[in-house]
Amino acid sequence: MTQNLNVFINATRFSAAPTMHVDAFSHAELSRALAFHRSIPGYAPTPLVSLPRLSQRLGVKSLHVKDESARFGLKAFKVLGGAYAMAWHISELVGEDIGKLPFEVITSDKVRNSIGEVVFATTTDGNHGRGVAWTARQLKQKAVVYMPRGSSEERLAAIRREGAQASIVDMNYDEAVRMSATEAEKNGWLVVQDTAWTGYEKIPLWIMQGYGSLMLEAMQQLHEVPPTHIFIQAGVGSLAGMVQGMVTSAWGKDRPKVIVAEAAVADCLYRSSRNADGRAVAVGGDLATVMAGLACGEANSIGWNILRDYSTAFASCPDFVATRGMRILGNPLPGDPAVISGESGAVTTGLLSILMQSPAHTATREALALNEDSRVLVVSTEGDTDPQRYRDIVWDGEIPSKQHP
Ligand SMILES: Cc1ncc(COP(=O)(O)O)c(C=O)c1O
């Protein structure tokens, strides 16, 4: 392992005049998504787990983990976005506001018969596609799902079990996104992609707003007292962009500090943040990392603009950061509950632990004002979505973190 953990403090741009509006992530907008999700049978807020012993050990005041492994039985937060965007699309076909179309109505035979067949197409590392496939099944519609080279067979099988036509293609994530958009165009399918690019913004914005439900739930669980720091992981930056947009909209200058964590091999936001002209930088190649959900080398254009203007820091995290986080959460200190957190889910806990405990990161810790007054929120965005991989890492010690600073 040659890679190091690198953190860039976004101070230069932080003080510059922001250009991005965050109204799309206001409380009112995100509440519409939450109202829709609440209408889905089986809906329950995912747990917000407090880890007092760990926070004491790390030297922060409190640490809360929003545990998305419990989301609709799908083990990841992603369905929040796909389901909301697909519902919006159908509500537009029907000509009704989404507020008037709860899940029961949108999945009814009446709506199905009135709109006819819709084929939803997407590219995924696993979690997003599973959410799209699950939603398509509820809507009695079809889903075509592509997965990049190196994708997990277990994750592929989980998507097929939801009834989708799913396959692994010999391309990286970003190439597969472009291919699926072309295939969709040819076949008249609707692209439900969890990232935006110029000219493709409507559906990804709905997806980002859909993710907002997890933040509204977390704030309710925190009795509306904002944390001082939020650590959030990013692939393309849709989730992180929503988090940053939401806290900026809600608290303005008094917002929590947001620290964005990426997989080092796919650290497009970290690299973009260091790019003097503020334009997004793409990362190519195989993007091989245990953090499958974060293996995306091209930023969401909406998310990047918000993160560039408002985020506190960007971290480029080698795999050992994620595996350390998985082991910490799965093997708690006495008195703390265990959280089953997958590779992409645990990287933020791993990052916090290293920043707080490693002498090599003292300056970063101080620059971020991470100390005994800090109230930290992390989101465990997935559970053991690849159970065998989870055991290889947590039981058998794959990708050790001991020797790394
Ligand atoms: C488990 C998990 N966490 C985090 C992310 C990152 O989200 P985004 O691509 O919006 O940055 C993903 C994306 O698929 C994911 O599956």
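How do α4 and α7 lie to each other, oblique or roughly parallel? Keep that question in mind while you set up the view of this predicted model, in which local features need pLDDT of at least 70, side-chain atom pairs count only at pLDDT 80 or more, and totals for chains, interfaces and linings use all residues. Residues are numbered from 1 along each chain as its sequence is written, and side-chain values use heavy atoms, with hydrogens and water left out.

**First stop: α4 and α7**

Select residues 79-94, which form helix α4, and residues 127-138, which form helix α7; their axes come within 8 Å and cross at roughly 40°. Helices (H or I, at least four residues) and strands (E, at least two) are DSSP runs, numbered from the N terminus, while axes are lines fitted to C-alpha atoms, for helices over the stretch in contact, and angles run from 0 to 180 degrees between N-to-C directions. Angles under 35 degrees count as roughly parallel, over 145 as roughly antiparallel, 65 to 115 as roughly perpendicular and the rest as oblique, and α4 and α7 are therefore oblique to each other.

Now show the side chains of the contact (heavy atoms within 4.5 Å): α4 contributes Val79, Gly82, Ala83 and Met86, and α7 contributes His128, Gly131, Val132, Trp134, Thr135 and Ala136. Of these residues, six are nonpolar, four polar and none charged, where Ala, Val, Leu, Ile, Met, Phe, Trp, Tyr, Cys and Pro count as nonpolar, Asp, Glu, Lys and Arg as charged, and the others, Gly among them, as polar.

**Second stop: α4 and α10**

Keep α4 selected and add α10, which packs against α4 at an angle of about 130°, with the two axes 7 Å apart; this pair is therefore oblique as well. Among the residues that meet here are Trp88 and His89 in α4 and Trp206 and Tyr211 in α10. The contact of α4 with α10 holds nine nonpolar, six polar and two charged residues.

While α10 is in view, find Arg71 and Glu217, which form a salt bridge whose closest N and O atoms are 2.9 Å apart; the term stands for a side-chain nitrogen of Lys or Arg within 4 Å of a carboxyl oxygen of Asp or Glu. Arg71 sits in the loop between β3 and α4, and Glu217 belongs to helix α10 (residues 202-221), so the pair ties together parts that are 146 residues apart in sequence.

**Third stop: the sheet**

Next, colour the strands and follow the order β1-β10-β9-β8-β11-β3-β2, which makes an open sheet of seven strands with mixed pairing; two strands pair if DSSP finds at least two bridges between them. At the edges stand β1 (6-9) and β2 (48-50), each with a single partner strand, so one side of each has no neighbour in the sheet. From one strand to the next, the twist averages 20°.

Zoom in on β1 and strand β10 (residues 313-317), which run antiparallel and are joined by four bridges, and look for Phe8, which stands opposite Phe314 in β10.

**Last stop: α15 and α14**

Select helix α15 (residues 343-357), which lies across β1, β3 (62-67), β8, β9, β10 and β11 (375-380) and runs at about 135° to β8. Then add helix α14 (residues 319-330), which packs with α15 at an angle of about 95°, the axes being 6 Å apart, and is thus roughly perpendicular to α15. Their contact is made up of 10 nonpolar, five polar and two charged residues.
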